[in-house]
Amino acid sequence: MRAQAAKQANEENLFDTVVMALNISQTPNVTKIQGEIASALGLKLERDESARAVQISQSLKKHKRILVILDDIWEPVAFEKIGIPYESDEHRTGYCKVLLTSREHDVLYKEMGSRKNFYVEHLCEEESWSLFKKTVGDSVEKPDVQPIATEVVKTCEGLPVAIVAIAKALKGESVGVWRNALEELRSSTSTNIRGVSKTVYSCLELSCNYLSNKYSNDDAKSLFLFCGLLGEGDISMDDLLKYVMGLDLFGYMNALEKARDKIVSVVNILKASSLLLDVVEDGHTYRPPPSSYFLEEEESNGYLRMHDVIRDVARSIASKNRHRFVVNEDFSLQEWEKRGFELRNYARMSLKCKRVQELPGGLVCPKLEFFLLDSNESYLKIPDTFFAEMKEVRVLSLYRVDLTRLPSSLKFLSNLRTLCLYGYGYRSGLKDIAMVGELKKLQILSLVNCEVGALPEAMKQLSDLRMLRLRHCPAFIPRNVISSLTRLEHLCLRNIFHRLDGVEGGGRKDWFYELKHLSCLRALEVEIPAGSYLLAEDVSFENLNLTRYDIFLGIKMESDDPRRNTSTRGLRLDVVKVRHLVKWFSKPLKIVEVLDLRNLHDIKHFVHELDCHGFLHLKYLSVFSSTTMQFIMSTLEMEMESAFPLLEELKLRELHKLEAVCHGPIPVGCFVNLKSPEHTEM
């Protein structure tokens with residue numbers, strides 16, 4: 001509904017700007033709401049919450065006509081804390097309007113004082129049947145099915161999400177399955193989920209249970225229930241990969257690529273069942289770009305979403321599961337103390353601590369396998385003894401906590417497979433991570449916004465490490481650390497090298513040289529800024545079987561580059577000599593999809609000197625600045641069956657001696673997909 005409102009407001013030019021904050025949910029997160037609004041307004045916010053509110057308020061006041069949409073409100077939201085000038089004189093002049101959506105009328109009308117209220121009614125009986133029939137197909141009109149189907153639709157109470165879910169679960173099933181489904185719906189037990197009736201709950205529970213019957217295993221149901229554990233908002237496919245591998249959710253898998261393919265397959269099942277949704281880009285919300293594992297156009301943008309009603313049902317179902325878990329969006333210190341004994345029995349925990357400055361000394365959780373802790377405040381401290389009684393934990397994910405040092409009890413997590421540490425937005429000074437070397441079973445290590453200083457020599461002991469991801473973590477890489485990680489399949493080094501100029505010992509280049517020793521490496525994401533890389537002459541990718549790579553040398557990664565989200569193989573290189581380009585990247589060049597080359601001053605014939613096969617996989621080509629290039633390709637000087645058959649975008653700039661794109665007849669099938677050629681001389 002909020003998406004349709006925003007679209008209509010834009011199409012009809014009702015407002016100059018539309019700003020949205022989505023999934024406010026049961027415990028409004030002021031910092032998150034401020035971040036989404038600031039992203040849409042192009043603001044860089046201060047760290048202090050009240051200062052951020054002033055920034056947002058001042059920015060909103062500069063707009064003459066602006067609509068602010070706050071979606072899915074369960075509890076009152078304090079506009080003044082966010083920075084929305086709702087009751088100001090300026091508001092009454094009509095420059096700022098606020099649209100709220102909620103399941104709870106009293107929250108909006110009585111507690112927040114909404115002035116105009118519009119009820120979104122459930123579908124009537126005729127509309128419900130029409131949607132159900134459209135989803136199931138004409139088979140629902142069969143004489144033996146139609147009477148049962150009519151009763152099934154009534155149990156959905158006009159709620160579209162329930163209608164579609166139950167329709168997809170029963171589509172193509174025999175009349176016996178239909179009868180059994182109706183019986184189960186009628187005999188369902190009550191539910192205490194706020195805003196969800198017993199019959200609607202039964203529809204969604206039945207859809208979940210039918211996943212196991214339809215697909216002959218519990219994989220889809222397991223992932224569905226696990227997604228319900230991950231809190232409100234978007235679900236990152238990258239996070240799912242890390243968690244699924246760590247938990248062996250689908251059984252043991254010996255390769256990240258296999259786990260990735262399994263996740264995509266199961267996610268598609270859940271999306272086809274309407275239990276998971278794709279996240280539609282709205283231009284208002286910033287999301288970190290996904291890794292190369294989830295960039296295929298036909299799959300998704302790397303993020304998923306679960307309807308709030310379905311999420312609540314998933315959590316209710318999972319609470320009865322053998323993997324007992326707790327999800328709390330606003331966990332207090334008093335609750336830690338009160339529920340300490342109860343927490344002993346949980347296998348999975350997802351907690352957000354918004355008003356806690358320091359955690360208790362420890363939790364006795366002998367069955368715990370998955371622990372996700374998120375704090376809105378950077379000062380949340382974790383005591384040294386905190387993890388001592390959690391020895392079965394396999395996945396540990398810490399968001400926005402005090403990471404100036406790792407708790408010493410981390411060494412007791414001898415079964416840990418996945419460790420994800422996310423510092424606060426302005427980086428956390430985690431100088432020493434040597435303790436990580438003691439986690440011998442670790443398979444996935446992901447650090448974001450953590451200033452680690454240097455990767456420790458102790459990491460050489462991580463003989464089973466499959467994924468190493470460092471993003472915005474200035475770090476020195478000593479010799480032989482990378483080459484010792486012989487089982488490494490995915491290496492991501494983004495924005496970590498900007499402090500390495502002048503460092504002695506060769507660390508700037510040795511890690512790149514050592515890549516050739518990683519025979520298991522399949523995915524490589526690297527960003528090295530201009531002036532900070534010195535590569536050895538004998539660097540080579542020839543013995544690597546890279547299937548996914550995104551390599552930036554001297555070119556800064558642009559997060560809003562649309563090509564970044566559609567291609568799994570990219571090279572962006574600046575001031576690299578052609579002989580080095582061919583020597584280092586001859587194998588990746590043969591299958592590259594995005595190629596951005598700058599300052600090539602020792603090349604004449606592009607295709608002839610770089611890839612005689614004709615760049616058969618290339619979709620985007622940009623060549624910027626060359627004083628020597630004469631042709632992109634020349635069919636008069638070399639025979640070519642085809643070249644650039646998939647190329648969609650061609651940008652040529654400042655090629656001062658360019659005579660022609662193609663010197664000679666253009667081969668059949670060449671440039672057939674080209675949409676936007678661009679040639680600029682400056």
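**Notebook: aromatic pairs, cores and sheets**

I counted the aromatic pairs, and the structure holds 12 of them; rings of Phe, Tyr and Trp (its six-membered ring) pair if their centres lie within 6.5 Å, with planes under 30 degrees apart taken as stacked, over 60 as edge-to-face and the rest as tilted. One is the edge-to-face pair of phenylalanine 386 and phenylalanine 387, at 5.2 Å centre to centre and 85° between the planes. Both phenylalanine 386 and phenylalanine 387 are buried (under 20% relative accessible area, with exposed over 50% and partly exposed in between; 1.4 Å probe, protein chains only).

I note that the model is predicted: local features need pLDDT of at least 70, side-chain atom pairs count only at pLDDT 80 or more, and totals for chains, interfaces and linings use all residues. Residues are numbered from 1 along each chain as its sequence is written, and side-chain values use heavy atoms, with hydrogens and water left out.

**Cores**

I looked up the largest nonpolar core (buried Ala, Val, Leu, Ile, Met, Phe, Trp, Tyr and Cys residues joined through side-chain atoms within 4.5 Å) and found 104 residues in it. Leu468, Leu515, Phe585, Phe606 and Phe644 have the most contacts inside this core. Its largest share, 5 residues, comes from helix H19 (residues 578-591); helices (H or I, at least four residues) and strands (E, at least two) are DSSP runs numbered from the N terminus. Another core, of 80 residues, lies apart from it and includes Cys208, Tyr210, Leu247 and Val313.

I then listed the contacts (heavy atoms within 4.5 Å) of phenylalanine 585. Neighbours within four places in sequence aside, phenylalanine 585 touches Phe512, Phe541, Ile551, Leu553, Leu571, Leu573 and His580. Phe606 and Phe644 also belong to one aromatic cluster with Phe615 and Phe671.

**Strands**

I examined strand S20 (residues 594-598): 4 of its 5 residues are buried, so the strand is largely enclosed by the rest of the structure. Strand S19 (residues 569-574) runs parallel to S20 and is joined to S20 by 5 bridges; two strands pair if DSSP finds at least two bridges between them. Leucine 573 has leucine 597 in S20 as its bridge partner. S20 also pairs in the parallel sense with strand S21 (residues 620-626), over 5 bridges, and valine 594 stands opposite tyrosine 620 in S21.

I also found an open sheet of 3 strands, in the order S4-S6-S5, with antiparallel pairing. Strand S4 (235-236) and strand S5 (277-278) each have a single partner strand, so one side of each is left without a neighbour in the sheet.
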